[in-house]
Every structure is written in structure tokens, then in C-alpha cells.
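Reader: I'd love a close look at one part of this protein. Could you start there and then show me how it fits with the rest?

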Amino acid sequence: MQFAATYPLAEIRRIQIYHNTKGYTERDLDKILAETGGSFIFGGPIFLSNLQACCHLRGDGVTYCAPNYTARVMQWSNDAQDYRMGIAPCNADNYVECVHLIVDGTPVKQPHYQPDMSGERPRQAIGSKEGRFAYIVTQTAYTPEDLRDVLMAAGWDAAIMLDGGGSVCYRDRTGAGFVGDGDRVIPFYIVVHLQADVSDSDTAGDYVVTAESGLNIRSGPGTEHDKVGGYAYGAVVAVQAVRDGWGRTDKGWVSMAHVKPVDGAQTGLTDNGLTIIQDLIPWGRSNRPGGSNPDSYITIHETGNYAKGANAAAHASWLKGDDAAGKKISYHYTVDDHSIYQHLPDDERAYHAGDGGSGPGNAASIGIEICVNEDGDFAQATVTAAALVRLLMQRHGIPLANVVQHNHWNGKDCPKTIRATAGAWEAFLTLCGGEVSQGRDTELEAAVDVLAAAGVIDSPDRWKALEYTDASVRMLLIKMANHL
């Protein structure tokens, strides 16, 4: 398998030296493309066993290696112009050195390389042909000299061979490509961004911040630019355009690696400003039973996981894994002191109430887990949960009487902390709002007034006297009023 092409510089937005600080293996090339917004990616220059570069290397103005000698390099500016062979060290924004094969249209008679780079093996190289950017990534086994001759025959006028063997890899947006040693961590990749793969209309829109420590705003698209502010975790950010994996907002630039699109049909915003982050259990997992849920109740749980870091994001990850699937555990939402994650659509059943697959807890209630991790603020987490309950009550017409504890369905001592604290459950329901006040159901009364004014019902006093526990009729009235 081989991937090779040349591109006019006008068709390229950027040739990026990607510093792999996250330790991605070759199997993670799709993740790097998603993070950077690149068009295709392949392996970079040779490196030492400690993952440090050992030849001249510079990317986005950052020098990663500067040996005590001068050498031929492929160099270019950040906008992919002035791409040519030069000599390093120099002031170019980007340059890479490795094994020179062709210089000024002339083959290097005896390419200089270490013994461990000799022999026949898969190869990759970058260079130029008639002023165009050129690259080749091939599984065909070549010696360095054989590769030189192939590129000369193809008309290249400059060529530098990169690392070979197990470091040879390629992936593009279509999923085409291959890896050499899938478990290998390569410290530097080359990511090419083509102009044709950019569409502001595809990338502009609202995004939610997923970085728990918050997200830096920078003066330009890249970490080399100054910090000019920040967005909090869970904040909704309006991205106007995307460039090189960075989104432009009205305040500056943010990394698109730490945001995800807001799907207005599937997410919501609570009345205290928290965005619901949707991270669903995949279809086909044994802990996603499917089936309809009439959303008649809301069931409150506590995770029981006191470990540091056991927050909502951690539980979202766990629910998609084999442990949760094997135990057939699932629920709709996890909340902590600063975030809300959704794991199942409200109208699907889940395995959280312990009353059987068709029991009303699993089949007719929305399950909410409150995190109790020791490094979190449990009191604030209950405030987050109450905000979510208020949203769900309004969305589905669920009465406060149908906000229940896990204990309601199978007698389990859950939510344990709330149950063990005198008055805590009553205080939580007060936070949820819509409670019966002095024998009056104020939410129902407001709905009846709306329906009566529209001529949908008569005798409003009779409807206002409806028993609060008659949940199905009450729910219907509130839903009708909300749709007027």
C-alpha cells in the first residue's frame, strides 16, 4: 500500500509539525486528525528512545532540536508558503531534517544515515517537485538508496527521508491508511491541512466546553499566542470559524480539542446556566436495553463512589465500558458539583432502580446519579441535581410527588447521604421547586389558568382541586398548557 501526491502550495493551508505530547499511538491517528482538523497525517523524523528529536526540528516557531551543526532541511512558513529546501538552524517557522536523498535536483550519492536505518523497510519522505509540496508513504520495502532513485525518477527536486520501518504510518479523513507498529508512540507527526477540506459553514456553531479545568482563550490560533481570557467548564461557546483545529470566537481563539458541538434537540440548559453534555452509551451495549419510557417519575440516586476523580465525566466513561455493561448498570444522568452528563435519552428505559426490566422504576422513571467523590462538593452537587430535576419536571410535566428516592422502588438505602441526614430530602425537594404550598399545587393551578383562558377546559376550580397524587391527569394538563 502506498500514498503519494504533490500539491500546489496554494492548495495547502498548513503543514504542521504535530508534537505528540498526549502519547497517542499509531492507532490513534484519527484522534489527531480530529484534534487538529487536518486532512491527512503521516510519521515524522527519527527520534531517540526517550522520544526526543535528534535532528534539526522546528514547528510553529518552537525549536524541538538544535544540534551543533548545520544541515539541509525542508522549511516553510506557518501559512505553508516559502516551502523549499534550506539550511538549519534558521528563522523559518517550521523545518525538518533527517536523511537527505535529493538536493537541488541532484541525487545524494551516499546518503548519510545510521546503521539501524539501513536495509529494506517501509519508507516515508517529504520534499518538493516543481515548487509543489510532495510526500510519499509506502509499505513497499526500500533501501534509502532505492527510495532516492524512485523519487528521482518521479521528478522530485528535493527529498528528505523520514523515519522508517514501524514508524511508517498514514491516515486521511476518509479513513484510508495503515500503521506500521500500531502500539508505537511517535513523538512527532506531519499533518497536512488542505484548503479544500475547510468549510466554515460545517464548523461554525455552538460548542460546549469539555475541559474540566476550563478553556484558555488565545489571541490567535495556537498555543504560541498569548492567553487573553478563558471559558468555564460547561460554558456554551459560539464558534464563528475553525482554522487548524482552533475556533474563532468573539473573544479570541480556543482549541477545538476541548469542545464538542451542542445538539439543541438533545441537550438542554438548566435555569442556573449549566449545559447538559450528552455522552450516550452506544447502541448494542448490554446496559442499554432500549424500549420506551413514559417519563412518569424521576429517581434520585447517589453513585456511592467516594474515590477522588469519580465525577460525572468519569462515570460517563465508565458507563460505556465493559464493567458497567457486564453488570447491566445504566441510568440517564450523572451530576457533580459543576457538570451534568446524559447517558441515555429520557424516553428510553434503563437499569438503575433494581425492580426488574419491566418494573416502573426502570421502565417509567428517569434515573439521576449524584456524585459523592471526596474531592467534590456534595452540597453543590445536590444543587446541580435539583436544577436538572426542575428542567425535567418542566420538560415532561412530572409532578414533584413523582420525584422519588431509589429506595422507593426496591428498599435500597439510596441516596444514602441524603437519607442519613435529617431534613435533607425535604430540603432537596424544596430546591427542586414546584412543591405543594399550604395544600396548593401552584404548578397545576398555573396550567389550569392557561387552559381555561384558552377555552380548552371549563370549571377551573374543579381542576385546581385535583389530588396532587393523580399524576397522570396532572401531567397531561401541564403538558397541554406548555404546548399552548
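Which residue just after α7 takes a positive phi, and of about what value?

Author: Happy to help! The residue is Gly397, which takes a positive phi of about 65° just after α7. Before we walk back along the helix, please keep in mind that this is a predicted model, in which local features need pLDDT of at least 70, side-chain atom pairs count only at pLDDT 80 or more, and totals for chains, interfaces and linings use all residues. Residues are numbered from 1 along each chain as its sequence is written, and side-chain values use heavy atoms, with hydrogens and water left out.

Let's begin with the helix itself. Helices here are DSSP runs of H or I with at least four residues, strands are runs of E with at least two, and both are numbered from the N terminus. Helix α7 has 19 residues, and the distance from its first C-alpha to its last is 26 Å, close to the 27 Å expected at 1.5 Å a residue. That expected span is 1.5 Å times one less than the number of residues.

The N-terminal end of α7 is capped by Asp377, with a side-chain oxygen 3.2 Å from the backbone nitrogen of Ala379. This is a polar contact, meaning a pair of N or O atoms within 3.5 Å; within protein, one must be able to donate a hydrogen and the other to accept it, and residues adjacent in sequence count only if both atoms are side-chain atoms.

Several residues of α7 are buried, including Ala381, Thr382, Leu388, Val389 and His396. Buried means under 20% relative accessible area, exposed means over 50%, and partly exposed lies in between (1.4 Å probe, protein chains only). Thr382 sits in α7, which spans residues 378-396, and it counts as buried because its relative accessibility is 12%. Leaving aside residues up to four places away in sequence, Thr382 touches Ile370, Ile418, Phe428 and Leu431; a contact means heavy atoms within 4.5 Å. The C-alpha atoms of Thr382 and Asp336 are 7.8 Å apart, although 46 residues separate them along the chain.

Now for another helix, α4 (residues 312-319), where Ala312, His315, Ala316 and Leu319 are buried. They lie on the same side of α4, because they cover an arc of only 105° around the axis. The arc is that of the directions from the helix axis to the C-beta atoms. The partners that the buried residues of α4 pack against are α5 (322-327), β27 (333-335) and β28 (340-342). At the start of α4, a side-chain oxygen of Asn311 comes within 3.3 Å of the backbone nitrogen of Ala313.

A positive phi turns up in a hairpin too. Asp104 takes one near 55° in the hairpin of β9 and β10, which has 2 residues between the strands. These two strands, β9 and β10 (residues 106-107), pair in the antiparallel sense over 2 bridges, with Ile102 opposite Pro107. Two strands pair if DSSP finds at least two bridges between them. β9 also pairs antiparallel with β13 (residues 158-161), over 3 bridges, and there His100 stands opposite Ile160. Strand β9 (residues 99-103) is mostly covered, with 5 of its 5 residues buried.

Another threonine worth a visit is Thr138, in strand β12 (residues 132-142). Thr138 counts as buried because its relative accessibility is 0%. Its side chain reaches the backbone nitrogen of Thr140 at 3.0 Å. Not counting residues up to four places away in sequence, Thr138 touches Met1, Gln2, Pro122, Arg123, Val168 and Phe178.

There is also an open sheet of 5 strands, in the order β2-β16-β3-β14-β15, with antiparallel pairing. Its edge strands are β2 (12-19) and β15 (177-178), each pairing on one side only. β2 pairs with β16 (residues 188-194) over 7 bridges, and Arg14 stands opposite His193.

Finally, the overall picture. The protein has 13 helices and 30 strands, and buried residues make up 51% of its 484 residues. Of the contacts with a separation of 6 or more, 68% are between residues 24 or more positions apart. The count of disulfides, taken as pairs of cysteine sulfur atoms within 2.5 Å, comes to 0. Among the cysteines, Cys169 is buried at 0% relative accessible area, and Cys432 is buried at 2%.
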